[in-house]
Protein chains: 2
Amino acid sequence: MAATMKDLSRETGLGLATISKYFNGGVVREKNRLAIENAVKKLHYVPNEVARSLKTQQTRVIGVVIPELSNAFITSIISSMEDILRKQDYAVIVCDCRSDPKREKEAVEFLLHRRVDGLINMATDATGAHLKAALNANIPVLLIDRLVESLRGKVSAVVIDNAHAAGQAVRKLTELGHRKIGLVLGSPNLYTTNQRLTGYLNALKDAGITPTEEYIRYGNYTMDGGYQAVSDLLKLKDRPTALFVTNFEMTLGTMLALQHSGIRVPEDLSVIGFDKLELFGEIFPDLTLIRQPQLSIGREAANLMLDLLMNRDAVSHRIVTLSTALTEGRSVRACADG
Amino acid sequence: MAATMKDLSRETGLGLATISKYFNGGVVREKNRLAIENAVKKLHYVPNEVARSLKTQQTRVIGVVIPELSNAFITSIISSMEDILRKQDYAVIVCDCRSDPKREKEAVEFLLHRRVDGLINMATDATGAHLKAALNANIPVLLIDRLVESLRGKVSAVVIDNAHAAGQAVRKLTELGHRKIGLVLGSPNLYTTNQRLTGYLNALKDAGITPTEEYIRYGNYTMDGGYQAVSDLLKLKDRPTALFVTNFEMTLGTMLALQHSGIRVPEDLSVIGFDKLELFGEIFPDLTLIRQPQLSIGREAANLMLDLLMNRDAVSHRIVTLSTALTEGRSVRACADG
DNA sequence: GGATGGGATTGAAACGTTTCGCAGCCTGTG
DNA sequence: CACAGGCTGCGAAACGTTTCAATCCCATCC
């Protein structure tokens, strides 16, 4: 049905090699150029990317494996990534693995079969086992948001300064006199969880505060988890006077839990949240929070991947760390206690 | 680097055709089967999907073109679609066109170059001009959420019963005695906008109410648009006593506008919203609203596409209409006026 | 024991490009 | 006028599969 270069060749009387050269930016005699262009129009020729891929051994496809598509933080990263990659004529195949390591591994294999040129992954499996095959296949692998220790030096990554961000938030609270500071973390063993915990502990140490174990809760990065974690914290005999919540969904859960318990922010409790996402910002506009630069994460990731794709020989893997910002709201005040 | 079937052939002493047959489920003598399986393990052979695509003339890739990836309604559809398609070994390339018809057309062409087997589109360009090329290429096209009139009979579609849904919501209000009912629509000329307007007008007619032009507002399906539209409605001398808001973002905007104006729901104003999306359902849990079955939309779309892909000859295009449901909350009450 | 038949196996061509090495042509110079 | 040298164009092979028609092998039957 569709026209091929062979048809162009017949139509113009030129050799296949000449036609190919024309499409790849080679120099072609003026009259031949015109002849080809006419033939292209006449026959509605479009190059067959599949055939090109077979011959050139590159598909111009990037595989993206993420834990969850229905997550605003992730989609805004993907969206900015896809934008840049497509402009460079790279397609993006997205695989949502529902935070399931088994599915994640299958997704990687699926993409490898398709011979993607590169892989971008927000890792669910912290051991990195799912990426072995990709490394064997010798394609560039780029982690986003979460580092995988066992892969250090073998892959590139774009992350944020988690520990610093958490430290900044907690320090803000200690400076205002808070000593009983609740922390709501994501799932245990996740890179970001650990890093944010480290930042929290460091800030407490700097303020000479001994951490209280029962103030540290895990909310699995879900709204319900956050709700539950905060509800539990409120039940403690010796309640925290301030809260640092380490992602968007849990911050939402936190605010609901507080609303339902009739606890006022900041009068009764100071709160620092995480991630300002489009719509949500308007609902609790006065929240003090840590902002992640989603768009930059996507942009950096896309550009870094393009870089890796260009200089396949230069095996030096880079880790890009982006900084967060603390946005001041009105959800924090000096500690009223003792 | 990577092993090919030729290597397997050499290793096992079998012909290429036999190896191929084995992989495509053909019958192979027991000892040959074993020989092949051993060779596969030994050489770490993985089939090259690109070469297969070239030969079989199908890529097992579905292109998906949407107006916006950072939109929870859309991503939950995509997520359920991708799940089903990948299980059938189809990959999904997502293109976000930022609600820009020009980009939309480019995206379609991009995907066509890549020889996708089918196209799923939530159309930005209501004229359908961007899909001409896809129809010429003779690949199945499936619209979701929005019908395109000019393509009727040429493409399949999965939509919801917009007019019925809107009618149901508005009828609920008229039955409670409301006669001044504000309507907040999306962008003009969008399929869903028109259909929902139709449902509204029908319901008014049934109740013997003459529509008031200034009660009908366009909020462009954005939160800000909804906020603005509702703020304007509140400024009217003869305010509506009830509101029907026709998507999720605008419903959010509506609730904020009402909160800021100190208007109580339902005491001062009855409200029916649209779309219950994960997180935000919890923030306004008592809203009466129309629920769209996102997951079913995705599922139906995926299955319908698979169907189209199987029976390429049967050109009968189907339009699947899914029903919505009215979820009762506490944001509606009988009209206090007159 | 040889013919028959049927299933497994095979070689070769094809899918639509890119690329390599070589041939052809033209221009300008000695 | 012949020849060197630089472009441009060409044929053919290759990328890794699938598939067709033909062949082969083996068991069965007469």
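Helix 4 of chain B gives the largest share of the surface near DNA strand D, with 4 residues. Keep in mind as you look around that this is a predicted model. Two topics will help you find your way: how the protein meets DNA strand D, and how chains A and B relate to one another.

**The surface near DNA strand D**

- There are 27 residues around DNA strand D, and those that come nearest are A:G15, A:T18, A:N32, A:K55 and B:R52.
- Among the atoms of DNA strand D that come within 4 Å of the protein, 67% belong to sugar and phosphate.
- By residue type, this surface divides into 12 nonpolar, 10 polar and 5 charged.

**Contacts with phosphate oxygens**

- A:N32 places a polar side-chain atom 2.2 Å from a phosphate oxygen of DNA strand D.
- B:R52 also has a polar side-chain atom by a phosphate oxygen of this strand, at 2.7 Å.
- For A:G15 it is a backbone N or O atom that lies 2.7 Å from a phosphate oxygen of DNA strand D.
- Helix 2 (16-23) and helix 4 (49-56), in chain A and in chain B, are the elements that give two or more residues to the surface near the strand.

**How the two chains are related**

- A turn of 180 degrees, with a shift of 0.1 Å along the axis, lays chain A on chain B with an RMSD of 0.1 Å.
- The two copies are therefore related as by a two-fold rotation axis.
- Both copies use the same surface, since 100% of the contact residues of chain A recur in chain B.
- To find the axis, look for A:I93: of the residues of chain A, its C-alpha comes closest, at 2.4 Å.

Notes
Residues are numbered from 1 along each chain as its sequence is written. Chains are lettered from A and ligands numbered from 1 in the order in which they are written. This is a predicted model: local features need pLDDT of at least 70, side-chain atom pairs count only at pLDDT 80 or more; totals for chains, interfaces and linings use all residues. Side-chain values use heavy atoms; hydrogens and water are left out. A residue is near a molecule or strand if one of its heavy atoms lies within 4 Å of it. A polar contact is a pair of N or O atoms within 3.5 Å; within protein, one must be able to donate a hydrogen and the other to accept it, and residues adjacent in sequence count only if both atoms are side-chain atoms. Ala, Val, Leu, Ile, Met, Phe, Trp, Tyr, Cys and Pro count as nonpolar, Asp, Glu, Lys and Arg as charged, and the others, Gly among them, as polar. Copies are superposed by least squares on the C-alpha atoms of residues with pLDDT of at least 70 in both. Contact means heavy atoms within 4.5 Å.
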